[in-house]
Amino acid sequence: MPDSRGGKIVDEKKRNLKRMADLLKSGATMLSDSCPECSSPLFKIRGEIWCPTCNKQVLIVKEGESASNLIGQSMFDSVEKIVLSKLQQNIQQIKKEEAPSKLNELGVLVLMWLDVLEKIKELKSKRS
Ligand SMILES: [Zn+2]
């Protein structure tokens, strides 16, 4: 007989269990750490830590480990993509802009994005 009170929660739990099983099947290992948000057990897959319940990457910074070692390659790639699109956007704005104060502002932004890209490159090379 179905439990009418907790039906939804049971469904959710089943889905989470299935996700965990899928993770294990795809070569993930279960960690002793739990998710800081939902306290589900965390899984490590391809060097990244995932919470199957939140269905997202979790970053755990342990003492003596730097954050850059824990940020997955995919994280760097997505940050890089965002920065590149912002950079492009700012360059387009510079093309159209005439006011010196605005140009100065945009110039600062472009330099900042270039700096960030340089930093990402540096962090990426440290990982490998
Ligand atoms: Zn979680």
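How many bridges join β1 to β2? The two strands are joined by 3 bridges and run antiparallel. Strands here are DSSP runs (E, at least two residues), numbered from the N terminus. Two strands count as paired if DSSP finds at least two bridges between them. The model is predicted: local features need pLDDT of at least 70, side-chain atom pairs count only at pLDDT 80 or more, and totals for chains, interfaces and linings use all residues. Residues are numbered from 1 along each chain as its sequence is written.

The sheet is open and has 4 strands. Their order is β1-β2-β3-β4, and the pairing is antiparallel. At the edges lie β1 (29-34) and β4 (56-57), each of which pairs on one side only. Between β1 and β2, Thr29 has Lys44 of β2 as its bridge partner. The hairpin of these strands has 6 residues between them. In this hairpin, Ser39 takes a positive phi near 55°. β2 and β3 also pair in the antiparallel sense, over 3 bridges. Here Ile45 is partnered by Glu48 of β3.

The largest nonpolar core has 6 residues: Cys35, Leu42, Phe43, Trp50, Cys51 and Val58. Two elements, β2 (41-45) and β3 (48-51), give two or more residues to this core. Such a core is a set of buried Ala, Val, Leu, Ile, Met, Phe, Trp, Tyr and Cys residues joined through C-beta atoms within 7 Å. A residue is buried if 20 or more other C-beta atoms lie within 10 Å of its own, exposed if 12 or fewer, and partly exposed in between, with C-beta atoms placed from the backbone.

Cys51 touches Cys35, Cys38, Ser40, Leu42, Lys56 and Val58, leaving aside residues up to four places away in sequence. Contact requires C-beta atoms, placed from the backbone, within 7 Å.

Definitions and conventions:
Two residues are in contact if their C-beta atoms, placed from the backbone, lie within 7 Å.
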